Amino acid sequence: MESYRKLLEANQAWAAEKLRTSPDFFRGLAKEQKPEFLWIGCSDSRVPAEEVTGTQPGEIFTHRNIANLVNPTDLNLQGVVSFAVEFLKVKHIIVCGHYGCGGIKAALSKQRYGILDDWLRQIKDTFFRHEDEVRDAGGFDAQADKLVELNVHEQLRNLVKSKVIQQAWVEERRPTLHGWVYNLSDGRLKNLYKIEPGAHMHDIYQFDFGR
Ligand code: CO
């Protein structure tokens, strides 16, 4: 059997099982979505947002890219954040990195990966700002894992700097921002950072919303 066919067959079985345990499952979801969470994670196939958090369809609005970056010029990401915050009114945004991230390792090396070199460059900037802390972590893999954590924090800061987040903070005291790191080796999420609405930021990043 061709490998992709097992996905279609598994889908038939999954849908039937959902209906068996909850006959209205799809009817409810087909009407609307009201997710409380926006997940910004790595594209890595080993970190499926719903599965590692035990959530069901309808619970998490998701954006994934290589190394879970929040890039202000990424129209895709910014559209997702804007829709999640302004229309879905999510209460929490989770930026989730993972130890052993290939994107982070690539940024820490001199290896060339084509267009990804530009995508990943902001990770080198994060290294540059925290060079001593990263080098003190140990060998290459330990340094990469430290950079995974720092990168997650940097992406939270990128969210704080955005007008969409600041406006929601001023008007509705949400969303709360969370920085997590997933451990591929034991399946556990580490809860590392939390930034509450209205958290301090340098004056230069603050927009004036006339209040
Ligand atoms: Co990754």
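## The cobalt site

Histidine 98 is buried, with a relative accessibility of 1%. The model is predicted. In it, histidine 98 helps to hold a cobalt ion: the donors are Cys42 (SG), His98 (NE2) and Cys101 (SG), at 2.1 to 2.3 Å. Along the sequence, the spacing of these donor residues reads C-x55-H-x2-C.

The site reaches across strands. Cysteine 42 belongs to strand β1, and histidine 98 to strand β3 (residues 92–98), so this pair ties together parts 56 residues apart in sequence. Cysteine 42 has a relative accessibility of 7%, so it also counts as buried.

## Two domains

The domain assignment splits the chain into domain 1 (1–31) and domain 2 (35–199). Their C-alpha centres are 30 Å apart.

## Aromatic pairs

Five aromatic pairs occur in the structure. One of them joins tryptophan 14 and phenylalanine 26: the ring centres are 5.6 Å apart and the planes stand at 70°, so the geometry is edge-to-face. The partners come from different helices, with tryptophan 14 in α1 (residues 3–21) and phenylalanine 26 in α2 (residues 25–31). Twelve residues separate them along the chain. Neither ring residue is buried: tryptophan 14 is partly exposed at 39% relative accessibility, and phenylalanine 26 is partly exposed at 30%.

Another pair is formed by tryptophan 39 and tryptophan 180. It too is edge-to-face, at 6.4 Å between centres and 80° between planes. Tryptophan 39 sits in strand β1 (residues 37–42) and tryptophan 180 in strand β4 (residues 176–182), so the pair connects parts 141 residues apart in sequence. Tryptophan 39 is buried, at 0% relative accessible area. Tryptophan 180 has 18%; the limit for buried is under 20%, so tryptophan 180 counts as buried as well.

Trp14 and Phe26 also belong to a cluster: ring pairs link Trp14, Phe25 and Phe26. A charge joins the picture at phenylalanine 25. Lysine 18 lies over the face of that ring, 4.9 Å from its centre.

## Nonpolar cores

The largest nonpolar core counts 43 residues. Leu38, Ile40, Val81, Ile93 and Leu159 have the most contacts inside it. Helix α9 (residues 140–160) gives the largest share of this core, with eight residues.

What does leucine 38 contact beyond its neighbours within four places in sequence? The partners are Phe61, Thr62, His63, Val80, Val81, Ala84, Val90, His92, Ile93 and Ile94. Among them, Val81 and Ile93 are also listed for the most contacts inside the core.

A second core is separate and has eight residues, including Trp39, Ile60, Cys96 and Trp180. The edge-to-face tryptophan pair is thus placed here: Trp39 and Trp180 are both members.

## Histidine 63 and alanine 107

Histidine 63 is in strand β2 (residues 60–65). It is buried, with 5% relative accessible area. Setting aside neighbours within four places in sequence, histidine 63 contacts Leu38, Trp39, Ile40, Gly41, Asp74, Asn76, Leu77 and Val80. The contact with Leu38 appears from the other side too, as His63 is among the partners of leucine 38.

Alanine 107 is in helix α5 (residues 102–108). It is buried, at 7% relative accessible area. Apart from neighbours within four places in sequence, alanine 107 touches Leu120, Ile123 and Lys124. Its C-alpha is 9.0 Å from that of alanine 144, a residue 37 positions away along the chain.

## Backbone exceptions

Which peptide bond is cis, with omega near -5°? The bond runs from arginine 174 to proline 175. Proline 175 is in the loop between α10 (163–172) and β4.

Two residues have a positive phi without being glycine. Alanine 67 has a phi of about 75°, and asparagine 68 one of about 40°. Alanine 67 lies in the loop between β2 and α4 (75–87), and asparagine 68 is found in the loop between β2 and α4. Are these loop residues buried or exposed? Alanine 67 counts as buried at 0% relative accessibility, and asparagine 68 counts as buried at 2%.

Methods
Residues are numbered from 1 along each chain as its sequence is written. This is a predicted model: local features need pLDDT of at least 70, side-chain atom pairs count only at pLDDT 80 or more; totals for chains, interfaces and linings use all residues. Side-chain values use heavy atoms; hydrogens and water are left out. Rings of Phe, Tyr and Trp (its six-membered ring) pair if their centres lie within 6.5 Å; planes under 30 degrees apart count as stacked, over 60 as edge-to-face and the rest as tilted. Helices (H or I, at least four residues) and strands (E, at least two) are DSSP runs, numbered from the N terminus. Buried means under 20% relative accessible area, exposed over 50%, partly exposed in between (1.4 Å probe, protein chains only). A charge sits over a ring if NZ of Lys or CZ of Arg is within 6 Å of the ring centre and within 35 degrees of the ring normal. Donors are N, O and S atoms within 2.8 Å of the metal (3.2 Å for Na, K and Ca); water is not among the atoms, so sites may look incomplete. A nonpolar core is a set of buried Ala, Val, Leu, Ile, Met, Phe, Trp, Tyr and Cys residues joined through side-chain atoms within 4.5 Å. Contact means heavy atoms within 4.5 Å. Domain bounds come from an automatic or database domain assignment.
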